[in-house]
Amino acid sequence: MLGKLKSLPLRQFLNYAAVGLIGTTVHYLVLWLSVEFGGLGAVVGSVFGFIAGAITNYFANYHLTFKSRRNHQVALPQFFSVALAGLLVNTLVMTMGSKYLSWHYLINQVLATGLVLVLTFLGNKYWTFRHRGDDGDHD
C-alpha cells in the first residue's frame with residue numbers, strides 16, 4: 001500500500017482532497033449561514049458557498065497540490081472554468097435532491113461534493129495545472 005501512495009497521481013489526489021477540506025469547510029459554512037441566518041434557499045446558499053470555496057481552493061491548489069508555475073492569467077480562468085463546470089454539477093445535484101427527491105439539503109450537498117471532487121481534480125490536473133511539456137503545453 002505504501003508503494004501505491006508514492007505514485008504522483010494518487011498523492012496529488014489525496015493532497016487535492018485534503019486542500020479541498022478547507023474549501024469545503026468554507027463552502028458549507030457559507031451555505032449554512034445563508035440558509036439559517038440569511039433567509040436564502042439551499043440552492044442559492046450552496047452557489048454562494050461554492051464560489052467562496054473555489055476561491056480558497058485555487059490558491060491552495062496552485063501552491064500546495066500542484067506546485068504550479070503557470071501564469072495566473074492562464075491558470076486562473078482555466079481553474080474557474082473547471083469550477084463553473086463543478087458548480088453546474090453541484091447545482092444539478094442540489095436541485096434534484098431538494099426539489100424532486102425531498103432529501104435534506106446537507107445530504108444532497110455531501111453527494112454533490114464527492115462527485116465534484118473527482119471531476120474537478122481531473123480537470124485541474126490534466127488542464128489547469130498541467131506542467132510544461134505535458135500534452136504539448138508551452139506556457
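**Exercise 1. Determine whether Tyr-16 and Phe-121 are buried or exposed, and describe how their rings are arranged.**

*Solution.* Both Tyr-16 and Phe-121 are buried. This holds for a predicted model, on which every exercise here rests.

Step 1. For Phe-121 the relative accessibility is 6%. Buried means under 20%, so Phe-121 meets the condition.

Step 2. The ring centres of Tyr-16 and Phe-121 lie 5.3 Å apart, and the ring planes stand at 65°. Planes over 60 degrees apart count as edge-to-face, so this pair is edge-to-face.

Step 3. Tyr-16 belongs to helix α2 and Phe-121 to helix α5; the pair therefore ties together parts that are 105 residues apart in sequence.

**Exercise 2. State how many aromatic pairs the structure holds, and classify the pair formed by Phe-13 and Phe-121.**

*Solution.* Step 1. There are 13 aromatic pairs in the structure.

Step 2. In the pair of Phe-13 and Phe-121, the centres are 5.1 Å apart and the planes meet at 85°, so the arrangement is edge-to-face.

Step 3. This pair links distant parts of the chain, with Phe-13 in helix α2 (residues 8-36) and Phe-121 in helix α5, 108 residues apart.

Step 4. Phe-13 has a relative accessible area of 24% and is partly exposed, whereas Phe-121 is buried.

Step 5. Ring pairs join Phe-13, Tyr-16 and Phe-121 into a cluster that also includes Tyr-58, Phe-59, Tyr-62, Phe-66, Phe-79, Phe-80 and Phe-129.

**Exercise 3. Identify the residues with the most contacts inside the largest nonpolar core, and name helices that supply this core.**

*Solution.* Step 1. The largest nonpolar core consists of 13 residues. Those with the most contacts inside it are Phe-50, Tyr-58, Tyr-62, Phe-66, Ala-75, Phe-79 and Phe-129.

Step 2. At least two residues of this core come from each of α3 (42-65), α4 (72-100) and α5 (105-128).

Step 3. Consider Phe-79, leaving aside its neighbours within four places in sequence. The contacts of Phe-79 are Ala-54, Asn-57, Tyr-58, Asn-124, Thr-128 and Phe-129.

Step 4. A general tendency agrees with such a grouping: in soluble globular proteins, nonpolar side chains tend to be buried together.

**Exercise 4. Describe the surroundings of Phe-50 and of Asn-90.**

*Solution.* Step 1. Phe-50 is placed in helix α3, and Asn-90 in helix α4.

Step 2. The relative accessible area of Phe-50 is 11%, so Phe-50 is buried. Asn-90, at 2% relative accessibility, also counts as buried.

Step 3. Not counting residues up to four places away in sequence, Phe-50 touches His-27, Ala-83, Gly-86, Leu-87, Asn-90 and Val-116.

Step 4. With neighbours within four places again left aside, Asn-90 is in contact with His-27, Ser-46, Phe-50, Gln-109, Ala-112 and Val-116.

Step 5. The C-alpha atoms of Phe-50 and Tyr-28 are separated by 8.3 Å, although these residues are 22 residues apart along the chain.

**Exercise 5. Characterise the largest pocket by its space, its lining and the helix that gives the most to that lining.**

*Solution.* Step 1. The largest pocket holds about 380 Å³ of space.

Step 2. The lining has 22 residues, of which Gly-20, Thr-24, Asn-57, Val-116 and Thr-120 are the closest to the centre of the pocket.

Step 3. Each of α2, α3, α4 and α5 supplies at least two lining residues. Helix α2 gives the most, with seven residues.

Notes
Residues numbered from 1 in each chain as written. Predicted model: local features only at pLDDT ≥ 70, side-chain atom pairs only at ≥ 80, totals over all residues. Heavy atoms only, no water. Core = buried A, V, L, I, M, F, W, Y, C linked by side-chain atoms within 4.5 Å. Buried < 20%, exposed > 50% of the residue type's maximum accessible area, 1.4 Å probe, protein only. Helix = DSSP H or I, 4+ residues; strand = E, 2+ residues; numbered from the N terminus. Contact = heavy atoms within 4.5 Å. Phe/Tyr/Trp six-rings, centres within 6.5 Å; stacked < 30°, edge-to-face > 60°. 1 Å grid on protein atoms, 1.4 Å probe; cavity = no way out; pocket = protein on both sides within 12 Å on 5 of 7 lines; lining within 4 Å. Points joined across faces, edges and corners; volume = space filled by probe spheres on them.
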